[in-house]
Amino acid sequence: MVNISSLVPSVLSNLSSLTTLNLEGCSLYGEFPMDIFRLPQLQILNVALNENLTDSLPEFQSNSRLEALIFQRTGLYGKLPDSIGRLESLLYLDLSQTSLSGTLPSSLGNLTRLTILDLHDCKFSGQIPSSFANLSQLNKFAIGTNNFDAGPLPLPPGKLHKLTFLYAREMNLLGGIPLLLANMTQLSYLAIGRNNLVGKIPSWFMNLTQLTLVDLAYNQFHGTIPRSITQLKRLDFLSLSFNSFTGIVELDMLMKLPNLVSLNLEENDLTVLTKNSTNGTLPKLRALALGSCNLVEFPSILRFQDKLQLLSLPKNKIRGKVPTWIWNSSKETMDVVNFHQNFLTGFEQQPTVIPWRFLTYFRLSSNKLQASLPLPPPSTIVYNVCNNALKGAIPPLMCHKNSLRIVDLSNNNLNGTIPPCLGSSNEDLLVLNLSGNSFHGSIPSTFTMNCQLLMIDLGRNQLQGPVPRSLANCAMLQCLVLKNNRIEDTFPSWLGDLPKLELLSLESNKFHGAIGGPRNNSMFPKLRIIDLSCNGFSGNLPTEYIRNWNGMKMINKEKLTYMHANPKLQYHPSASQLALYFVEVYLYDYSMRVVSKGTDRLYERIQSALVVVDLSNNTFIGDIPESFGSLSGLQLLNISNNKLTGIIPSSLAKLTELESLDVSQNLLSGHIPWQLTQLTFLSILNVSHNRLTGHIPQGKQFDTFDNSSYDGNLGLCGVPLSKSCRNSMTSPPSPPIFRGHDLEFSSGIYWMVIALGYGSGLVVGLVIGTTLTRRYHEWFVDTFGRRKKIQKKQKSKGRRT
């Protein structure tokens with residue numbers, strides 16, 4: 001591969017005698033010249049691994065001599081033309097990892113000389129053509145990671161007897177392990193993971209003695225893992241993870257597979273037994289994954305492994321101290337180590353620096369470690385030791401010549417000051433999570449212009465001083481959490497210049513003063529979660545900021561994801577197959593620890609569609625801004641425990657996604673707008689301890705709220721309160737069917753509508769139900785629900801329709 005980094009030279013189209021054109025991995029970009037396809041003598045065309053090379057495929061001619069057409073991992077898009085079937089000389093077709101879409105043309109069945117067909121990881125849909133039965137010469141068939149219609153594996157029985165390689169992962173397969181595989185006795189590579197396959201491993205499966213790779217992960221297989229699997233003597237890669245296999249597995253039994261290189265049994269209902277092994281004839285493993293396998297100790301076979309690159313033992317019952325011998329296992333090759341969620345208490349002999357020289361991923365989180373911080377080697381990219389009892393200060397060596405992109409030291413007993421070098425020594429750092437410790441002093445002001453940080457969480461410490469202005473250099477920042485410290489400052493409005501900031505939590509500090517207005521209309525363009533609660537902010541609510549929070553107005557509900565950082569780890573070439581399973585382990589999900597109903601809870605993921613505003617427990621005054629009604633994606637609004645006056649604006653009824661509204665403990669007056677009955681997702685309402693008057697609206701979600709929603713408003717009457725409304729002018733209003741602009745009624749027109757509704761008879765509202773809304777894992781309710789000053793809790797009864 002040569003880095004040309006240019007357009008494809010159009011002069012190539014003039015080389016009429018050209019038979020082979022290989023431009024693989026040359027960093028080409030732009031459109032591919034269509035005339036090259038028409039070169040009369042061209043037999044091999046390979047432009048793979050040029051991701052910026054774009055275009056669609058042309059109409060092919062029947063006189064083409066093409067034998068190999070390879071566009072793997074390019075910017076190819078559009079549909080696969082029906083004329084592809086004219087390339088009757090084709091032996092090798094690889095269009096994988098492109099953006100080709102649509103249905104597969106049945107004319108592919110005309111390519112009867114094909115030995116390699118690779119269409120995996122595209123955007124194909126529909127059904128696989130029955131004409132594929134004609135491809136009897138196929139040796140390699142990769143069709144997975146597409147969006148085909150759900151059903152069994154659509155391969156003709158007895159037709160593909162020469163097949164040695166089948167990649168059919170993630171393509172909506174149903175049923176059991178296809179019986180048609182029983183006749184494919186030459187099969188060596190079988191990947192059918194990430195489907196919806198069920199049943200047990202059939203006995204005939206052991207007749208496929210040529211198998212070297214078996215991937216059945218992420219399905220719904222059950223039963224025991226048969227001992228006869230040891231008949232597959234050629235097996236080097238076995239992944240059965242994330243299924244429902246049960247029973248006892250003796251690790252020594254699987255170690256009788258002489259060629260075994262990678263074993264993955266994670267996330268089943270298995271109990272893996274280990275015995276004291278001797279070196280003997282143990283296979284030389286490169287990957288061992290036994291998470292959730294009820295292990296009670298480190299497998300002794302690890303003593304004799306010197307080639308391991310990946311060791312994953314999370315969610316087991318391994319107790320005591322990490323043995324000294326573990327550091328000598330595969331010292332020169334170890335790449336990924338995961339001991340998450342065990343019962344480890346420390347180290348028999350703690351090394352100054354973890355001795356695995358080429359370690360990139362180290363996770364020792366959620367144990368019971370009572371020790372000083374184990375320093376990662378300079379090669380480490382992901383370093384996660386959160387949720388332990390680690391103590392002491394962060395050593396300055398942590399910053400020395402490191403490759404760190406993810407650092408999570410949260411929820412330990414660490415103390416001292418935050419080393420200034422953490423903000424300046426490593427320009428590759430993406431995540432810095434130091435929350436839930438006892439760090440004191442000020443936040444370092446050393447964030448440089450080259451800052452790449454996506455997430456900073458320094459919450460729940462004892463930090464003081466102002467928010468450092470150097471954070472303005474972190475232009476990529478998405479998430480900033482400084483909650484529960486002793487930070488004393490005015491509102492850091494300059495953070496509004498960060499173009500990607502989505503989450504800002506300044507809760508429970510000593511912020512003070514009026515928030516004021518933005519310098520321009522582009523401040524906080526992507527903000528969708530803001531928590532300023534439990535501070536000393538004063539003045540009016542920030543109307544102009546609210547009007548400009550555009551990130552709360554446009555929410556893509558079609559494709560919901562979670563906030564995360566991707567450290568983009570690189571694999572050793574010899575471990576390339578390990579990516580089949582471990583590709584997801586490297587995504588770091590943003591999390592938040594919140595107080596809910598007096599309980600400190602960890603929410604491990606934050607959904608990208610979540611929109612929250614919490615300005616509670618300050619001393620804001622004045623009216624509730626009408627501009628809240630423009631935040632169409634808002635799901636939770638909490639402005640309780642302030643000194644707000646005026647009315648509850650009817651514009652809040654425009655918040656059609658709203659699920660929780662808390663305006664309690666203020667000085668609000670007037671009526672509860674009947675328009676709020678249109679909020680069919682509303683599951684929590686708290687207007688208690690104000691000066692509200694009149695009849696409580698009836699119907700829909702309002703029929704699910706109990707007395708505690710309205711406590712402390714002596715002028716309110718009607719269900720669910722025991723106080724009845726005797727004056728006809730305060731009879732329950734009947735909400736009419738209205739359009740969006742009807743929400744703009746003035747108070748005079750509002751009462752006309754009430755009178756009309758009363759005169760023509762009551763319209764009974766639909767009660768939505770009695771179950772909690774299930775969306776977002778109650779994250780927003782538990783995160784920004786009622787806080788310290790609220791006397792009573794509201795029982796949520798709504799659900800989504």
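**Exercise 1. Find the ring under the charged end of Arg319.**

Solution. Start at Arg319 in this predicted model. Its charged end sits over the ring of Phe343. The distance from the ring centre is 4.3 Å. Now go to Lys140. Its charged end sits over the ring of Phe165, 4.8 Å from the centre. For a lysine, the atom to check is NZ, and the cut-off is within 6 Å of the ring centre.

**Exercise 2. Classify the aromatic pair of Phe537 and Phe620.**

Solution. First, take the total: the structure holds 20 aromatic pairs. Next, take the values for Phe537 and Phe620: 6.4 Å centre to centre and 10° between the planes. Planes under 30 degrees apart count as stacked. The pair is therefore stacked. Then place the residues. Phe537 lies in strand β42, residues 536-540. Phe620 lies in strand β48, residues 619-622. They are 83 residues apart, and the pair links distant parts of the chain. Last, check exposure: both Phe537 and Phe620 are buried.

**Exercise 3. Classify the pair of Phe702 and Phe705, and explain the label.**

Solution. The ring centres of Phe702 and Phe705 are 5.5 Å apart. Their planes meet at 75°. Over 60 degrees counts as edge-to-face, so this pair is edge-to-face. Now test burial. The cut-off is under 20% relative accessible area. Phe702 has 3%, so Phe702 is buried. Phe705 has 4%, so Phe705 is buried too.

**Exercise 4. Which residues do ring pairs link into a cluster with Phe537 and Phe620?**

Solution. Begin with Phe537 and Phe620. Ring pairs link them with Phe491, Phe511, Phe524 and Tyr545 into a cluster.

Definitions and conventions. Residues are numbered from 1 along each chain as its sequence is written. This is a predicted model: local features need pLDDT of at least 70, side-chain atom pairs count only at pLDDT 80 or more; totals for chains, interfaces and linings use all residues. Side-chain values use heavy atoms; hydrogens and water are left out. Rings of Phe, Tyr and Trp (its six-membered ring) pair if their centres lie within 6.5 Å; planes under 30 degrees apart count as stacked, over 60 as edge-to-face and the rest as tilted. Helices (H or I, at least four residues) and strands (E, at least two) are DSSP runs, numbered from the N terminus. Buried means under 20% relative accessible area, exposed over 50%, partly exposed in between (1.4 Å probe, protein chains only). A charge sits over a ring if NZ of Lys or CZ of Arg is within 6 Å of the ring centre and within 35 degrees of the ring normal.
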